Structure formats: structure tokens, C-alpha cells
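Reader: Before I trust any label on a model, I like to see the value set against its definition. Could you show me the structure and then take my questions one at a time?

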Amino acid sequence: MIDLSTLSPAEITVMGSVFCVLLSMHFTMQLVSQHLFYWKNPKEQRAILIIVLMAPVYAINSFVGLLDAKGSKPFFMFLDAVKDCYEALVIAKFLALMYSYVNISMSARIIPDEIKGREIHHSFPMTLFVPRTTRLDYLTLKQLKQWTWQFCIIRPVCSILMITLQILGIYPPWLSWIFTVILNVSVSLALYSLVKFYHVFAKELEPHKPLTKFMCVKGIVFFCFWQGIVLEILVGLGLIKSHHFWLEVDQLEEALQNVLVCLEMIVFSIIQQYAFHVAPYSGETEAKMRMNKRD
């Protein structure tokens, strides 16, 4: 047995973070193994596996950053880039999953007749670029897909530029703000397309619990993002300082963010057990529906 009284606060933090990472991996791998065992719909389940792996990817990424809490700014930017690029892939796969649920195939140009012509109502500021009301057809669905996939391109490009400029020593604060604005606009557009799709097909998507799934994806993305912003402001204002904690490092905000993310990914990995349950593919859902009909 390990005597915790002999360990420093920093060592206890690392050990606790290891436990959090292993726990989030346990819940995720449990769900992944269930889907692999009941591999009935490769198109949908492949997207689900990519989505649920988001929690351990975030946890492992944050743990690596915590191990080198005194790392350079380019090092932390690289870790953020890895995490954010995976986030972009998850958002794109989530839209593909929603398309599959309503039997839409963009590659085969298959759109069920009963959903053609539905109205899509856009709000400000999107009305500056598209009509307030459009009719659903192949072009509008393609547009929603493009709004999502643009983030998969912009995120890696911006990450490469940011890391390169940081290493070269030509990364002034104003340029950092420009990248921040570009990335926020890009991810907001991607999430906007997901929200629009959900509103248009809420009835068809209801059996698949889309809101719970969407909150898992959006929750991880936005919760971690705004948490980082709040920590950065608190550190910038001097309300949180190194001597307040055991983390005697310059990158205090990054270190605290990494500790919190390791802990929070346990919660999200548990929620994903419900949101992306294997029941629709194991036959459990159909069995329950038959029992309800008999009753």
C-alpha cells in the first residue's frame, strides 16, 4: 500500500489524475467493446466509436500536459491542437450519424421523399448570408454538411500556423486574438449546422435520443472551452496565483485546466454510457417495443 502522507501534493495530483484517466478509459472501453460485440450497423457504430473516444482522448491529452506542467507555450499549443482537431472530427461524425438516423446519404444523393421541402428557418447573423427561410433539398443538406466540415479544415490549418509562429518567436498577442476569433466563428458555424439539423428532424430523431447525444458532444467542447477562459481570466486578474496551489509553474491556467479535465472526463464517459447505449444494435430496443405492444 502507498502511504499518501509521504507523498507531496504534486505527486498526489498526478496519481489522482492517473486514476481519473484509467476510470474514463474503463467506462469508454466498456461501451466500445459492447458495440464491437454487436456490430450490426458499421456506418452508425463507426461514428459512435469515434464520438465516445472523445472523453479518453481529452483525458489522456490533459494528463500528458500535466506531466510536463512546466512545458513551453508551443508544447501546450500542440496538445490543444491535437485535442481540438479530434474535436473537429467528432463534430463531423456526429452530423454523419444524424444523417444516417434519418436515412440520408449524401454520397448516393438519397433523400427520403417525406422530408423534402421542409422549411429551414435561419436566424441572425446567418440571415446576412442566406435567406431567412429555405426549403430542404440536396443543396441545403450539402450546405449544412459543408458548414460542419469547414471546421475540420480550418482547425488543423490554424493549429499548424499557431505552433509554427510560436516556435519562430513571431506570435504577438493581436495575432493570437485573430486566431481565436477565426476558430470561434468556425466552431460556432459547425455547431449551428448541428442545431439546425436537429430542429428540422426532431420528430424523426426522437427515438435515437439526439438531445442527449448532442449534449455529450457540445458539453465536452463548450464546458472545457469556457472553463479554460474563466481560468485564464482569474489567473490574469491575479485571483489565482501559483502560491495558492502546489503548482509552482508559469503556465498555471493550463495546469489547472488539465487537472479539471482529467476529473470531468469521468462524468462525460459515464453519461455516454446512456447516450450511446448499445441497445439499438443488440436487439434490446426491439424486444422492449414488442413487449410494450403486447401490454
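Author: Let us begin with an enclosed space: the largest cavity is lined by Phe94, Met98, Leu194, Phe197, Tyr198, Pro210 and Phe214. The elements that each give two or more residues to this lining are H4, helix H6 (173–200) and helix H8 (210–236), where helices (H or I, at least four residues) and strands (E, at least two) are DSSP runs numbered from the N terminus. This is a predicted model, in which local features need pLDDT of at least 70 and side-chain atom pairs count only at pLDDT 80 or more, while totals for chains, interfaces and linings use all residues. Residues are numbered from 1 along each chain as its sequence is written, and side-chain values use heavy atoms, with hydrogens and water left out.

Reader: What makes such a space a cavity rather than a pocket, and how many cavities of 30 Å³ or more are there?

Author: On a 1 Å grid over the protein atoms alone, a cavity is a set of points where a 1.4 Å probe fits but cannot get out, whereas a pocket is an open set with protein on both sides within 12 Å along at least five of seven lines; a residue counts as lining if it has an atom within 4 Å of a point. Grid points are joined across faces, edges and corners, and the volume is the space filled by probe spheres set on the points. By this rule there are two cavities of 30 Å³ or more, the largest having a volume of about 40 Å³ and the second largest about 30 Å³.

Reader: How do the residue classes divide in the lining of the largest cavity, and in that of the second largest?

Author: The classes are fixed beforehand: Ala, Val, Leu, Ile, Met, Phe, Trp, Tyr, Cys and Pro count as nonpolar, Asp, Glu, Lys and Arg as charged, and the others, Gly among them, as polar. On that basis the lining of the largest cavity has seven nonpolar residues, no polar and no charged ones, and H6 gives the most to it, with three residues. The second largest cavity is lined by Ile120, His122, Thr134, Thr140, Gln143 and Leu144, which divide into two nonpolar, four polar and no charged residues; here helix H5 (residues 138–168) gives the most, again with three residues.

Reader: Why is the pair of Arg118 and Glu204 called a salt bridge?

Author: The term asks for a side-chain nitrogen of Lys or Arg within 4 Å of a carboxyl oxygen of Asp or Glu. The closest N and O atoms of Arg118 and Glu204 are 2.3 Å apart, so the pair meets the cut-off. Arg118 lies in the loop between helix H4 (73–101) and strand E1 (119–121) and Glu204 in helix H7 (residues 202–205), so the bridge ties together parts that are 86 residues apart in sequence. The structure holds two salt bridges, and the other joins Arg135 to Glu119, with closest N and O atoms 3.2 Å apart. Because Arg135 lies in strand E2 (residues 133–135) and Glu119 in strand E1, this pair links parts 16 residues apart in sequence.

Reader: Are Arg118 and Glu204 buried, exposed or partly exposed?

Author: Buried means under 20% relative accessible area, exposed over 50%, and partly exposed in between (1.4 Å probe, protein chains only). Arg118 at 24% is therefore partly exposed, and Glu204 at 25% is likewise partly exposed.

Reader: What makes Ser269 count as buried or exposed, and what does its side chain reach?

Author: Ser269, in helix H9 (residues 252–275), has 1% relative accessibility and therefore counts as buried. Its side chain reaches the backbone oxygen of Ile266 at 2.7 Å, which fits a polar contact: a pair of N or O atoms within 3.5 Å where, within protein, one must be able to donate a hydrogen and the other to accept it, and residues adjacent in sequence count only if both atoms are side-chain atoms. Leaving aside residues up to four places away in sequence, Ser269 touches Ser24, Phe27, Thr28 and Ala55, contact meaning heavy atoms within 4.5 Å.

Reader: Which residues are joined by a cis peptide bond?

Author: Phe124 and Pro125 are, with omega about 10°, and Pro125 sits in the loop between E1 and E2.
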